[in-house]
Amino acid sequence: MALQPDRNPVRPRCVREHLGYLNGGFHRIIDALEKSIGESGGMIRKREPLTSILRNGDTWVVNNTAFDAVISTIPPQELQKAGGPVMPPVPYQGAACVTVALDRDVSKGIYWLNMKDSAPYGAVVSHTNFIPVNRYGDHLVYLASYFTAKVPAHIDKVMIDDFCTRFSITPAEIRWHRLAVDPFAGPVYTTGYKSLIIPYRQQGLFMAGMFSPANYPERSMEGSVRAGKEVAACISRGDPVISPEITAIIPLFNDRPSLEIALKSSLETLSGITSEFEILVAEDGSTDGSTEFVRQYETRDSRVRLLHHDERQGRAGH
Ligand SMILES: Cc1cc2nc3c(=O)[nH]c(=O)nc-3n(C[C@H](O)[C@H](O)[C@H](O)COP(=O)(O)OP(=O)(O)OC[C@H]3O[C@@H](n4cnc5c(N)ncnc54)[C@H](O)[C@@H]3O)c2cc1C
């Protein structure tokens, strides 16, 4: 679900971004996914974290079970800790979020407040100013903060104390609160980050998640879903899991005629050098149908992949 404002009003309405909330929360998606996987003969093993992963020829054995193909969606450093492939470290930040239940609205009807002042949280999200309070019985506010390395001590108390002072709330007004901490909430886009983006094929397994090409330059649930779909397409097409020997990059903006020539000649030239190559079309917000052309090409030829920007980033974007 895209929570960003609609930054591209020229796009057709059906593909613009809208603020939304899934009734019943994400459990609804997970439950539906589990049902659908079960009906297709598969299963989700719950409460069974990855504890070991060992290389076995071209694939990997996970928690002592061998699989035809493995897709990892967990942070690369966690995968590596369990015995997975060694990769350059993707810098991550953690998130600490506190949900607070109150008996009144404390943000005067406002849904989302970003903190400009120095505060132990970056956003105050009054969920029940978006979704009716009668669904919950309490006014719910969500305080979001990020941290690097280690979660600060007593972060929930620090956040709540500040929140009470700043919003004139007495501690007795807080009915309950809950803290959620994720040490790997998302990659941090440092200078040179592009060289750390993890390709879908990685040393005999597939990887899709926050660290994938689809999540750059913007991290989102959509990006991870797209990464998952692209990896699933690689597996359905029978792409080799071993990383290619050569990656050729074609930068592109609104030049479909040249693109066709560049793709054809790159395919011919690279095929003469090795069978293990890929062509990455780094497309920068084209509006002349180039994106759709590459997407179609991708479905026919697994060696061609699209790196797409919805909005033009310019040379620095590549
Ligand atoms: C505060 C906050 C607000 C956000 N708001 C938005 C928003 O409004 N819109 C939006 O689109 N995106 C938003 N995001 C980003 C969004 O949450 C992520 O893009 C999305 O969750 C990424 O999905 P993923 O599956 O790639 O990674 P994750 O959701 O991080 O999933 C990785 C999973 O791997 C699990 N894991 C780790 N180690 C192991 C192991 N050893 N064994 C088994 N499992 C393991 C973790 O527990 C985790 O559940 C937000 C993120 C944060 C932190």
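The legends below describe close-up views of a predicted model.

**Figure 1. Overview of the predicted protein and its confidence.** The protein contains six helices and 14 strands. Of its 318 residues, 21% count as buried. Among contacts between residues at least 6 apart in sequence, 62% join residues at least 24 apart. Mean pLDDT is 87 for the protein, with 89% of residues at 70 or more. Confidence is highest in strand β7 (residues 123-126), with a mean of 98, and lowest in strand β14 (residues 304-309), with a mean of 78.

**Figure 2. Helix α3 and the strands that cover its buried residues.** Helix α3 runs over residues 155-166. Its twelve residues, at 1.5 Å each, should span 16 Å, and the C-alpha atoms at its two ends are 16 Å apart, so the expected and modelled spans agree. Three residues of α3 are buried: M159, I160 and F163. These residues lie on the same side of α3, because the arc they cover around the axis is only 95°. The cover over the buried residues of α3 includes strands β5 (92-102), β8 (139-147) and β9 (176-187). Just after the helix, S168 has a positive phi of about 55°.

**Figure 3. Two hairpins formed by β1, β2 and β3.** Strand β1 (residues 53-56) pairs with strand β2 (residues 59-62) in the antiparallel sense, through four bridges. In this pairing I53 of β1 stands opposite V62 of β2. The two strands form a hairpin with two residues between them, and G57 in that turn has a positive phi of about 65°. Strand β2 is also joined to strand β3 (residues 65-66), by two bridges and again in the antiparallel sense. Here the bridge partner of V62 is T65 in β3. V62 therefore appears in both pairings, opposite I53 in β1 and bridged to T65 in β3. A hairpin is formed by β2 and β3 as well, with two residues between the strands.

**Figure 4. Two residues other than glycine with positive phi, N63 and K108.** N63 lies in the loop between β2 and β3. Its phi is positive, about 45°, although N63 is not a glycine. N63 counts as partly exposed because 13 other C-beta atoms lie within 10 Å, and a residue is called exposed at 12 or fewer. K108 is in the loop between β5 and β6 (112-114). Phi of K108 is also positive, near 55°, and K108 is likewise a residue other than glycine. K108 has 9 C-beta neighbours inside 10 Å, so K108 counts as exposed.

**Figure 5. The open sheet of β4, β11 and β10.** This sheet has three strands in the order β4-β11-β10, and its pairing is mixed. Strands β4 (71-72) and β10 (201-202) are the edges, each pairing on one side only. In general, the strands of a sheet pair through backbone hydrogen bonds, in either a parallel or an antiparallel sense. β4 and strand β11 (residues 205-207) run parallel and are joined by two bridges. S72 has M207 of β11 as its bridge partner.

**Figure 6. The largest nonpolar core and the contacts of Y200.** The largest nonpolar core has 18 residues, and the members that touch the most others are Y200, F206, M207, A208 and V231. Strands β2 and β11 and helix α4 (221-237) each give two or more residues to this core. Beyond its neighbours within four places in sequence, Y200 is in contact with F206, M207, A208, S212, E230, V231 and C234. Another core, of 15 residues, lies apart from this one and includes A96, Y121, V125 and L143.

**Figure 7. The cis peptide bond before P217.** The peptide bond from Y216 to P217 is cis, and its omega is near 5°. P217 is located in the loop that runs between β11 and α4. Both of these elements give two or more residues to the largest nonpolar core.

Notes: Residues numbered from 1 in each chain as written. Predicted model: local features only at pLDDT ≥ 70, side-chain atom pairs only at ≥ 80, totals over all residues. Expected span 1.5 Å × (residues − 1). Buried ≥ 20, exposed ≤ 12 C-beta atoms within 10 Å, placed from the backbone. Arc of directions from axis to C-beta. Contact = placed C-beta atoms within 7 Å. Core = buried A, V, L, I, M, F, W, Y, C linked by C-beta atoms within 7 Å. pLDDT = per-residue confidence, 0-100.
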